Amino acid sequence: MITCRLYKEGVLKEEAFDPARASDLIAEGGARVWLDVVDPTDRDLTMLQEEFSLHPLAVEDARNRGQRPKVDVYENFFFLVVHGLALDEKGELVDSEIHAFAGHRYLVTLRYDPPFDITEVLRRWDRQPELTHEGGAFLLYALLDEVVDGYYEVIERLEDLSDDIEDRVFGEEQDQTVQQDIFQLKRKVVQFRRLIIPLREVLDLVQEQPGFVTDHLGPYYRDVMDHLIRSLEFADNVRDLLTTALEAQLSQISNRLNIVMKQLTSWAAIVLVPTLIAGIYGMNFRNMPELKFHFGYYGALGLMLGSMVALYLVFKKKGWL
């Protein structure tokens with residue numbers, strides 16, 4: 001499905017037109033064209049290449065999914081790859097890959113399943129005609145700004161999940177699954193950072209190209225960069241918090257193991273002394289107490305019991321039992 005829009009002097013003039021008219025429309029003065037394709041086919045890409053005079057290498061790149069964020073600079077346009085990110089109800093990271101061809105008079109977006117929601121992007125274009133008149137640079141800015149703003153929502157969810165894990169780590173009850181959850185959440189944070197870090201370079205390269213980002217649009221692009229940097233900083237904070245939680249969890253496991261070892265050692269010591277007495281008593285040599293002293297057997301049992309009680313009280317006082 002191909003969505004088309006034509007802006008003139010920043011105002012929406014026509015939509016749902018034949019994409020084959022795109023090359024004629026962008027030749028008109030003050031015209032700005034936007035085409036959006038969801039899951040483009042080879043036929044769609046061939047049509048776009050012909051209408052916008054796209055470089056074959058850029059079109060070939062657009063056929064490949066799973067690319068890191070990047071920008072390729074060509075003579076009359078940019079080819080960009082960005083990732084719109086979100087967390088679903090189960091807390092899994094949802095990656096909406098977006099490819100874009102951005103020129104002075106047009107913006108072509110290719111959205112892959114699951115498609116990124118651009119409803120708010122369209123509203124911004126419609127309610128800011130003075131900026132839409134700036135050309136493809138503003139159309140691209142609005143898209144990038146919505147993508148980066150979505151990162152904030154992901155970070156907030158990740159922070160909430162990390163706070164829940166922290167409460168579980170330091171809770172009174174022992175949670176057997178918290179360590180696994182820490183690793184899974186940390187993996188999501190790493191994946192999130194991997195998909196947004198290269199976007200800093202993308203924004204820098206776009207702004208460095210002469211004539212595309214006007215002086216009027218410069219502050220807007222710098223604002224997107226600021227939001228992106230803050231998202232990265234928040235992601236680093238979440239990652240550090242999870243690392244700390246994992247270390248605390250491992251320390252708790254080690255402490256519990258030490259407690260168990262002290263208890264086992266204490267009980268072993270309690271049992272050792274009576275065993276020693278019984279071993280000596282059972283050697284059956286001639287001067288055994290039982291042979292010449294009627295109460296020798298009971299005395300040996302009393303000595304065993306007394307030693308066990310004494311050791312128990314000592315270990316109990318030290319907190320080992």
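**Figure 1. A salt bridge between K8 and E28 in the predicted model**. The side chains of K8 and E28 meet with a nitrogen-to-oxygen distance of 2.6 Å. The pair links distant parts of the chain, for K8 belongs to strand β1 (residues 2-8), while E28 sits in the loop between α1 (22-25) and β3 (31-38). The two residues are 20 residues apart. K8 has a relative accessibility of 28% and therefore counts as partly exposed. E28, with a relative accessible area of 31%, is also partly exposed. In total, the structure holds 17 salt bridges.

**Figure 2. A salt bridge between E60 and R63**. In this view the side chains of E60 and R63 form a salt bridge, with 3.6 Å from N to O. E60 is partly exposed, at 44% relative accessibility. R63 is likewise partly exposed, at 32% relative accessibility.

**Figure 3. A salt bridge between E92 and K188**. The side chains of E92 and K188 meet at 3.8 Å, N to O. Distant parts of the chain are linked by this pair: E92 lies in the loop between β5 and β6, and K188 lies in helix α7 (residues 178-196). The two residues are 96 residues apart. E92 has a relative accessibility of 36% and counts as partly exposed, whereas K188 is buried, with a relative accessible area of 9%. Elsewhere, R5, E15 and D126 are joined into one network by salt bridges that share partners.

**Figure 4. The surroundings of S96 in strand β6**. S96 is part of strand β6, which covers residues 93-102. Its relative accessibility is 7%, so S96 counts as buried. The side chain of S96 reaches the backbone oxygen of P114 at a distance of 2.7 Å. Leaving aside residues up to four places away in sequence, S96 touches V82, H83 and G84, as well as P114, P115 and F116.

**Figure 5. Aromatic pairs, with F78 and F212 as an example**. A search of the whole structure finds 12 aromatic pairs. One of them is formed by F78 and F212, whose rings are arranged edge-to-face. The ring centres are 4.7 Å apart, and the angle between the planes is 70 degrees. F78 lies in strand β5 (residues 78-87) and F212 in the loop between α8 (199-208) and α9, so the pair ties together parts that are 134 residues apart in sequence. F78 is buried, with a relative accessible area of 5%. F212 is buried as well, with a relative accessible area of 4%. In addition, ring pairs link Y74, F77, F79 and F101 into a cluster.

**Figure 6. A nonpolar surface patch that includes W267**. W267, L305, V309, Y312 and L313 together make a nonpolar patch of about 490 Å² on the surface. Helix α11 (residues 296-318) contributes the largest share of the patch, 4 residues. W267 lies in helix α9, which spans residues 218-281. At 44% relative accessibility, W267 counts as partly exposed. This value satisfies the requirement for residues in such patches, because they must have over 30% relative accessible area.

Notes: Residues numbered from 1 in each chain as written. Predicted model: local features only at pLDDT ≥ 70, side-chain atom pairs only at ≥ 80, totals over all residues. Heavy atoms only, no water. Patch = residues over 30% accessible without salt bridge, like charges linked within 9 Å, V, L, I, M, F, W, Y side chains within 5 Å. Areas by Shrake-Rupley, 256 points an atom, 1.4 Å probe, with all protein chains shown as cover. Salt bridge = Lys/Arg side-chain N within 4 Å of Asp/Glu carboxyl O. Buried < 20%, exposed > 50% of the residue type's maximum accessible area, 1.4 Å probe, protein only. Polar contact = N/O pair within 3.5 Å; in protein donor to acceptor, adjacent residues only side chain to side chain. Contact = heavy atoms within 4.5 Å. Phe/Tyr/Trp six-rings, centres within 6.5 Å; stacked < 30°, edge-to-face > 60°.
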